[in-house]
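Dear colleague,

I am handing over the structure below, and after it I set out what was found there. Please keep it open while you read.

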Amino acid sequence: MSDSSPSLQRPATRAARLSAIEQALATHIVTSQSQLSKILIAEGIAVTQATLSRDLDEMHAVKTRLKDGTVAYAVERGAAAPDGDAMGERTEAQMSRVLSGLVTSVAAARNLIVVHTPSGAAQYVASVIDKQPIDGVLGTIAGDDTVMIICSDDATAGDRADWLLALASK
């Protein structure tokens with residue numbers, strides 16, 4: 001077995017491109033459209049400068065000054081903390097407020113996490129989790145009262161389950 005994480009494959013659609021741009025802005029400090037274009041090309045997404053400019057405008061991405069003085073793109077609801085953390089304290093506090101009222105149990109099973117919620121809340125909880133760049137989390141699947149979180153490996157699932165339980169318990 002290799003230790004590399006599974007590669008994320010995206011279809012050649014506008015929605016997939018926008019998702020890739022959002023993820024790039026959440027996980028990299030992007031200072032120019034040229035740099036963003038190179039990140040997308042590395043993921044197999046070729047885009048013209050004009051399309052990239054329209055996409056950034058549509059996403060309400062703006063250039064903001066970071067703590068170190070660097071000017072970089074950010075999305076208003078931006079999941080990334082500008083200082084390079086995958087998740088800032090503010091974002092974690094917001095997640096905690098949502099999860100504390102909606103998560104009734106959390107369990108890890110191999111590389112999966114099963115989260116139970118009150119009836120009708122699972123899709124909202126999954127959406128909150130999906131919008132954050134959480135290391136090792138590949139995505140979620142939601143039913144009516146259950147969310148399944150898919151992680152890159154068993155150890156990550158255990159760590160993330162403990163973290164989610166702690167967030168929901170605050």
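Helices and strands in this message are DSSP runs, with at least four residues for a helix and at least two for a strand, and they are numbered from the N terminus. By that naming, Thr-140 lies in strand S5. Please bear in mind throughout that this is a predicted model.

On confidence, the chain has a mean pLDDT of 84, with 85% of its residues at 70 or more. Residues 78-86, however, have a pLDDT below 50, although in the model this stretch has 18 contacts beyond near neighbours in sequence.

To return to strand S5, is Thr-140 buried or exposed? Its relative accessible area is 17%, and because the cut-off for buried is under 20%, Thr-140 counts as buried. The side chain of Thr-140 makes a polar contact of 2.7 Å with the side chain of Asp-130. Asp-130 is also one of the residues in contact with Thr-140 once neighbours within four places in sequence are set aside, and the others are Ala-126, Ile-129, Val-147, Met-148, Ile-149 and Ile-150.

Strand S5 (137-142) is followed by a loop that leads to strand S6 (146-151), and Asp-144 is found in that loop. With a relative accessible area of 43%, Asp-144 is partly exposed. Which residues does Asp-144 touch, if those up to four places away in sequence are not counted? They are Thr-117, Pro-118, Ser-119, Gly-120, Ala-121 and Ala-122. The C-alpha atom of Asp-144 is 9.4 Å from that of His-116, and these two residues are 28 apart along the chain.

His-116 is also the last residue of strand S4 (residues 112-116), which runs antiparallel to strand S3 (residues 105-109) and is joined to it by 5 bridges. Within this pairing, Val-106 has Val-115 of S4 standing opposite. The two strands form a hairpin with 2 residues between them, and in the turn Arg-110 has a positive phi of about 55°.

Helix H4 comprises the 14 residues 89-102 and reaches 20 Å from its first C-alpha to its last, which is close to the 20 Å expected at 1.5 Å a residue. The buried residues of H4 are Thr-91, Met-95, Ser-96, Val-98 and Leu-99. As general background for reading that list, an α-helix has 3.6 residues a turn, so residues three or four places apart point the same way. As for their partners, the buried residues of H4 pack against helix H5 (122-130) and helix H6 (154-169).

With best wishes

Definitions and conventions:
Residues numbered from 1 in each chain as written. Predicted model: local features only at pLDDT ≥ 70, side-chain atom pairs only at ≥ 80, totals over all residues. Heavy atoms only, no water. Expected span 1.5 Å × (residues − 1). Buried < 20%, exposed > 50% of the residue type's maximum accessible area, 1.4 Å probe, protein only. Contact = heavy atoms within 4.5 Å. Polar contact = N/O pair within 3.5 Å; in protein donor to acceptor, adjacent residues only side chain to side chain. Pairing = 2+ DSSP bridges. pLDDT = per-residue confidence, 0-100.
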